[in-house]
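Biologist: Please take one part of this protein and look at it closely. I would like to know how it sits among its surroundings, explained for someone in the first year.

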Amino acid sequence: MAYALENALFQWRDGDRRLAGASEPARTDLDRAADAVIEALRKRLGSRFLLEELADLYHRDTDWATELAVRHAAGTDSAAVVDAAFARYAREASNFAGGRPRESHDRP
């Protein structure tokens with residue numbers, strides 16, 4: 001696994017853990033903000049993508065995602081919301097295998 005992807009997966013999981021650890025009612029708002037970012041990711045990458053493509057998008061520019069999270073009431077937790085959204089969307093990658101890339105890019 002390339003370092004950039006390994007690092008991205010670590011950051012994404014950390015964001016997901018931060019949202020999971022948030023108390024209510026903040027967690028509901030943060031989850032809604034993450035859902036908005038996930039919908040934007042679907043529009044950018046489509047339904048079939050590789051983890052590497054998602055990591056490349058993450059490393060190129062997440063300002064758009066941060067702005068979207070802020071608009072959906074993420075506030076100071078916008079970075080965690082973006083990371084959580086990428087973590088959740090990563091699970092839909094064609095080469096996702098429990099948090100690490102599979103050698104084959106075909107869905108099982």
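Modeller: What follows is a look at helix H5 and the parts around it.

The model is predicted. The protein chain has five helices and zero strands, and along the sequence the pattern reads α-α-α-α-α. Of the 108 residues in the protein chain, 41% are buried. Among contacts between residues at least 6 apart in sequence, 71% join residues at least 24 apart.

H5 covers residues 78–90. Its 13 residues should span 18 Å at 1.5 Å a residue, and the C-alpha atoms at its ends are 18 Å apart, so the expected and computed values agree. How much of H5 is buried? Twelve of its 13 residues are, so the helix is largely enclosed by the rest of the structure. The buried residues of H5 include small ones such as Ala80, Ala84 and Ala87, and also Asp83, Phe86, Arg88 and Tyr89.

Start with Tyr89. Tyrosine 89 is buried, with a relative accessible area of 0%. The structure as a whole contains four aromatic pairs. In one of them, the ring centres of phenylalanine 49 and tyrosine 89 are 4.5 Å apart and the planes meet at 10°, so this pair is stacked; the cut-off for stacked is under 30 degrees. Phenylalanine 49 sits in the loop between helix H2 (26–45) and helix H3 (51–60), whereas tyrosine 89 belongs to H5, so the pair ties together parts that are 40 residues apart in sequence. Phenylalanine 49 also counts as buried, at 1% relative accessibility.

Phe86 is another aromatic residue of H5 that is buried. Together with Trp12 and Tyr58, Phe86 forms one aromatic cluster. Tyr58 comes from H3, where the buried residues are Leu51, Leu54, Ala55, Leu57 and Tyr58. Down the axis of H3 these buried residues fall within an arc of 160°, so they line one face of that helix. The general rule behind such faces is that an α-helix has 3.6 residues a turn, so residues three or four places apart point the same way.

Next comes helix H1 (residues 3–20), which holds aspartate 16. Leaving aside residues up to four places away in sequence, aspartate 16 touches Ala84, Ala87, Arg88 and Arg91. Is aspartate 16 buried or exposed? At 14% relative accessibility, aspartate 16 counts as buried, because the cut-off is under 20%. The C-alpha atom of aspartate 16 is separated by 9.5 Å from that of alanine 34, which is 18 residues away along the chain.

The remaining neighbour to describe is helix H4 (residues 63–71), in which Trp64, Ala65, Leu68 and Ala69 are buried. These residues cover an arc of only 135° around the axis, which puts them on the same side of H4. They pack against H2, H3 and H5. On the other side of H4, Asp63 and Arg71 are exposed. Trp64 has a further partner: the charged end of arginine 44 sits over the ring of tryptophan 64, 3.8 Å from its centre. Just after H4, alanine 73 takes a positive phi of about 70°.

To sum up, H5 is largely enclosed. Its residue tyrosine 89 stacks with phenylalanine 49, Phe86 shares a cluster with Trp12 and Tyr58, and aspartate 16 touches Ala84, Ala87 and Arg88, among others.

Note on methods:
Residues numbered from 1 in each chain as written. Predicted model: local features only at pLDDT ≥ 70, side-chain atom pairs only at ≥ 80, totals over all residues. Heavy atoms only, no water. Helix = DSSP H or I, 4+ residues; strand = E, 2+ residues; numbered from the N terminus. Buried < 20%, exposed > 50% of the residue type's maximum accessible area, 1.4 Å probe, protein only. Contact = heavy atoms within 4.5 Å. Phe/Tyr/Trp six-rings, centres within 6.5 Å; stacked < 30°, edge-to-face > 60°. Lys NZ or Arg CZ within 6 Å of the ring centre and 35° of its normal. Arc of directions from axis to C-beta. Expected span 1.5 Å × (residues − 1).
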